[in-house]
Amino acid sequence: MSTDTRVIVAGAGLAGLVAARHLADAGVDVEVVERRDTVGGRVRTVHDDGFVMDKGFQVLFTAYPAAKRELDYDALDLRRFTPGACIAREGERSILSDPFRDRSALFASALNTEVSMGDKLRTLKLRRDLADKTETAIFSGRDRPISEYLRDRGFSDRFIENFAAPFYGGITLDRSLSSSRKVFEYTFKMLTEGQIAVPAEGMGAIPEQLAERAREAGVTITTGETVEAVDADDERATVEVGAETRTADAVVVATDPPTARDLTGVDAVPTDGAGCVTQYYSMPRSESLDAGKRIILNAGREDPNHVVVNSEIAPEHAPEDRHLVSATFLGDRDEQPARLDDMTRRALSSWYPERSFADFELLHTERIPFAQFRQPPGRLDELPGVDDPDGRCYLAGDYTRWSSIQGALESGRDAAQTALSDL
């Protein structure tokens, strides 16, 4: 490919950065235009007074094929969760773990009464059934809600309410489990094949690494400028950046879904988003919530859906004498931070009646109205392709695959390969 070939990428999220690097690796002159002052899109991290706070509760599934291909895990210095979860309700806490990867909790998991022995055996069967099922097979065939899928496999209402609803509520931002069973099957398979992790410097280290790799390949990344309009035909693309018009041989639109729909006119881009609110807290490092490196699931009520002592997983996320704790609420909540704080304290006090939370300090409230697009049954079959826009214009975003880091990374490569084929 001639270096005279020029492509503009709108958006420096995961998909845009991956698309830019693959294009540059093929010899294309690439400029990424990002409206924010930093790269990352929805995957960003704030460092404040020794605390490392992500833009909401986010994690990396290490088994994602695209993540393994596009990222350098060693350089990210990953900190890993312990498999399973701590299930909490008023006056009760219990451990439910993966017997294959957390043998230290085998006895505690076997005695866990939140989930029946029958459901534990059904979980092992599900693990075996999905072990050899390919990604293509998972994302094809009949679709239905996760709740219906689990009941069809014989799982009890107790399992669904006590474990699946809060755990997969955290993954799909849908505690009712009305999302696609395809998302459930794929993420369940990834959980059994890999681990949940976060970089030592926070999730924002992922786009920073992608940006560094893109620059090394020759990509120019311009931040603080907004792509206002895109026009493309079979020969060229015109991009309006602020008051300036820029021309290129092609354009890759890798913005958030609503903006991508506005820029390209592709109605299949989903714009109905699922949101969440995460509150970050500080507490003395000398204290503990007794869950270790596990997520704490709220089985007794819905608010907050889950709590994590982030600095147990990644000690670097808080000063030496303090812990960083996050509490996540599902939905686009309109309660004031003080009201959400009260809900979190009430939940924790009911789970830990033996201790006081007087030294539990609210640090920050992060609202994410559009954390991912909604994925009801059938939605994934209706998503646009990377080449759906007219002319030499391409889409790059998880909304061309499914809402996840895997979807974003895979889409970025797909967009680049499709553009290179046309160019």
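Domain bounds here come from an automatic or database domain assignment, and the model they are applied to is a predicted one.

Begin by colouring the chain by domain: domain 1 takes in 6–42 + 203–270 + 384–422, domain 2 takes in 45–80 + 197–202 + 273–373, and domain 3 takes in 116–194. If you place a marker at the centre of domain 2 and another at the centre of domain 3, each taken over C-alpha atoms, the two are separated by 24 Å. To display the contact between these two domains, you would select 19 residues from domain 2 and 18 residues from domain 3.

Next, turn to domain 1 and domain 2, both of which give residues to the lining of the second largest pocket, so that this pocket lies between them. The volume of the second largest pocket is about 220 Å³. For a way in, select Thr 38, Arg 44, Thr 45, Val 46 and Gly 204, which are the closest to its centre among the 17 residues of the lining. Strand E3 (45–48), strand E4 (51–54), helix H10 (205–216) and strand E19 (361–373) are the elements that each give two or more residues to this lining. Coloured by class, the lining of the second largest pocket shows six nonpolar, five polar and six charged residues.

From the pocket, move on to enclosed space, where one cavity of 30 Å³ or more is counted. The volume of the largest cavity is about 80 Å³. To see what surrounds the largest cavity, select Asp 54, Gly 56, Phe 57, Gln 58, Val 59, Phe 81, Val 198, Tyr 280, Val 308, Asn 310, Ile 313 and His 317. Seven residues of that lining are nonpolar, four are polar and one is charged.

Now select Arg 333, in the loop that runs between strand E18 (322–330) and helix H13 (337–351). Arg 333 counts as buried because its relative accessibility is 15%, and buried means under 20%. Its side chain makes a polar contact, at 2.7 Å, with the side chain of Asp 303. Beyond neighbours within four places in sequence, the residues in contact with Arg 333 are Val 277, Asp 303, Met 343 and Arg 367.

Finish at Val 7, which belongs to strand E1 (residues 6–10) and is buried, with a relative accessible area of 0%. Once neighbours within four places in sequence are set aside, Val 7 is in contact with residues including Leu 23, Val 28, Val 30, Ala 248, Val 252 and Leu 423. A distance drawn from the C-alpha atom of Val 7 to that of Ala 24, 17 residues apart along the chain, reads 9.2 Å.

Key:
Residues are numbered from 1 along each chain as its sequence is written. This is a predicted model: local features need pLDDT of at least 70, side-chain atom pairs count only at pLDDT 80 or more; totals for chains, interfaces and linings use all residues. Side-chain values use heavy atoms; hydrogens and water are left out. Helices (H or I, at least four residues) and strands (E, at least two) are DSSP runs, numbered from the N terminus. Buried means under 20% relative accessible area, exposed over 50%, partly exposed in between (1.4 Å probe, protein chains only). A polar contact is a pair of N or O atoms within 3.5 Å; within protein, one must be able to donate a hydrogen and the other to accept it, and residues adjacent in sequence count only if both atoms are side-chain atoms. Contact means heavy atoms within 4.5 Å. On a 1 Å grid over the protein atoms alone, a cavity is a set of points where a 1.4 Å probe fits but cannot get out, and a pocket is an open set with protein on both sides within 12 Å along at least five of seven lines; lining residues have an atom within 4 Å of a point. Grid points are joined across faces, edges and corners, and a volume is the space filled by probe spheres set on the points. Ala, Val, Leu, Ile, Met, Phe, Trp, Tyr, Cys and Pro count as nonpolar, Asp, Glu, Lys and Arg as charged, and the others, Gly among them, as polar.
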